[in-house]
Amino acid sequence: MGVDFSVILVSLVAFCGLLWLLDSLLIKKSRLQAVEQYIATQSKGKSEEELALAIDDLSRESLPVEYAKSFFPVLLLVLVLRSFLIEPFQIPTGSMIPTLEVGDFILVNKYAYGVRLPVIGTKIMSVADPQRGEVMVFFPPHEAKYYIKRVIGLPGDTVRYEDKRLYINGEIVSEEYQRDISIETNIGSLDGTLHRETINGVEHATQHINGAARQRSRTTWVIPNGNYFMMGDNRDNSSDSREWGTASENKIVGKAIAVWMHKEPGFHLPTFSRNQRIK
């Protein structure tokens, strides 16, 4: 799901803050000394206007320092909001169709699963644990890139996915057929079916491609402590825990809570027609 903007944001905040600090501790003192020296040695015979202009020029901050002092509080506020409260993301792939479409802009609650330090992700305060059925943003074990999937298995669970049916701890997950649909894939449009699935009381849509599903080497997984089994709602066209394993608790980013804007790929204006809570 894109590049971790927090790294860039933290770097900018640190740079602006350091520049402001250096100016306050070192550079500002030299400017004041230059003003004092000018007044002591060159102020005689100068008009008040000439004196004011000269002092203003000598005491003026450099352009980088001026920008740093202006941008630092704004960047710091954005960093706090993105790191500890709400962060926006854009959906780049169709693995969560029909719940989330390519081009959806979503809001992610960063404190739902605990307060974490930006960039390094260390949890400094616990809030709640992910629950089955919730949609979560995280870093997978094989790639330093944001992923978004649905939480299927919790630590200690046994998850089985076989013949397009999902089982959690030996019990089949409720799934109700809705209608036939056409599903877009990287090899073209294929016939499929839309379903209504219920996990932990959370109802959400899933879709399946008719015929043979993607072949996977395993059908059953036991979820280790501190890990979560993640799956896309586009069940036959999703790279998820069935392929690359479980998501670690220390790689969690946050809980996806809402779609706030949508933009079709290419030269299209954004719309708000898909604004909705994520279930």
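# A guided tour of the salt bridges and aromatic pairs

Across the whole structure, a search finds 15 salt bridges. The model is a predicted one, and confidence is therefore a useful first colouring, because pLDDT expresses the predictor's confidence in each residue. The protein chain has a mean pLDDT of 88, with 95% of its residues at 70 or more. To see both ends of the range, select helix H2 (residues 48-59), whose mean pLDDT of 72 is the lowest among the elements, and then strand E14 (residues 227-231), whose mean of 98 is the highest.

**Stop 1: charged pairs**

Side chains of opposite charge can pair when their charged atoms come close. Begin with Lys69 and Glu61, whose side chains form a salt bridge with an N to O distance of 2.7 Å. Lys69 is partly exposed, at 26% relative accessibility, and Glu61 is likewise partly exposed, at 25%.

Next, select Arg274 and Glu101, which meet in a salt bridge at 3.6 Å, N to O. Where along the chain do Arg274 and Glu101 lie? Arg274 is in the loop between strand E16 (252-262) and strand E17 (276-277), while Glu101 is in the loop between strand E1 (86-90) and strand E2 (104-109). The pair thus links distant parts of the chain, 173 residues apart. Is Arg274 buried or exposed? With a relative accessibility of 15%, Arg274 counts as buried, because the cut-off for that class is under 20%. Its partner Glu101, at 30%, is partly exposed.

Move on to Arg150 and Asp233, which are joined by a salt bridge of 2.7 Å, N to O. Arg150 belongs to strand E6 and Asp233 to the loop between E14 and H4, so this contact ties together parts that are 83 residues apart in sequence. Both Arg150 and Asp233 are buried. To finish this stop, select Arg82, Glu87 and Lys110, which are joined into one network by salt bridges that share partners.

**Stop 2: aromatic rings**

A pair of aromatic rings is described by the distance of the centres and the angle of the planes. The structure holds nine aromatic pairs. One of them is formed by Tyr147 and Trp244: the ring centres are 5.7 Å apart and the planes stand at 90°, so the arrangement is edge-to-face. Tyr147 lies in strand E6 (residues 147-153) and Trp244 in helix H4 (residues 241-244), so the pair ties together parts 97 residues apart in sequence. Tyr147 is buried at 14% relative accessibility, and Trp244 is buried at 12%.

Then select Phe89, Phe139 and Tyr146, which form one aromatic cluster.

**Stop 3: charges over rings**

Show the side chains of Arg160 and Tyr167. The charged end of Arg160 sits over the ring of Tyr167, at 3.9 Å from the ring centre. For another such contact, select Arg242 and Tyr161: here the charged end of Arg242 sits over the ring of Tyr161, 4.9 Å from its centre.

**Stop 4: a nonpolar patch**

Finally, turn to the surface and select Val7, Leu117, Val119, Ile120, Ile124, Met125 and Val127. Together these residues form a nonpolar patch with about 610 Å² of accessible area. Within the patch, pick out Ile124, which is found in strand E4 (residues 123-125). Ile124 has a relative accessibility of 52% and therefore counts as exposed, since that class begins over 50%.

Notes
Residues numbered from 1 in each chain as written. Predicted model: local features only at pLDDT ≥ 70, side-chain atom pairs only at ≥ 80, totals over all residues. Heavy atoms only, no water. pLDDT = per-residue confidence, 0-100. Helix = DSSP H or I, 4+ residues; strand = E, 2+ residues; numbered from the N terminus. Phe/Tyr/Trp six-rings, centres within 6.5 Å; stacked < 30°, edge-to-face > 60°. Buried < 20%, exposed > 50% of the residue type's maximum accessible area, 1.4 Å probe, protein only. Lys NZ or Arg CZ within 6 Å of the ring centre and 35° of its normal. Patch = residues over 30% accessible without salt bridge, like charges linked within 9 Å, V, L, I, M, F, W, Y side chains within 5 Å. Areas by Shrake-Rupley, 256 points an atom, 1.4 Å probe, with all protein chains shown as cover. Salt bridge = Lys/Arg side-chain N within 4 Å of Asp/Glu carboxyl O.
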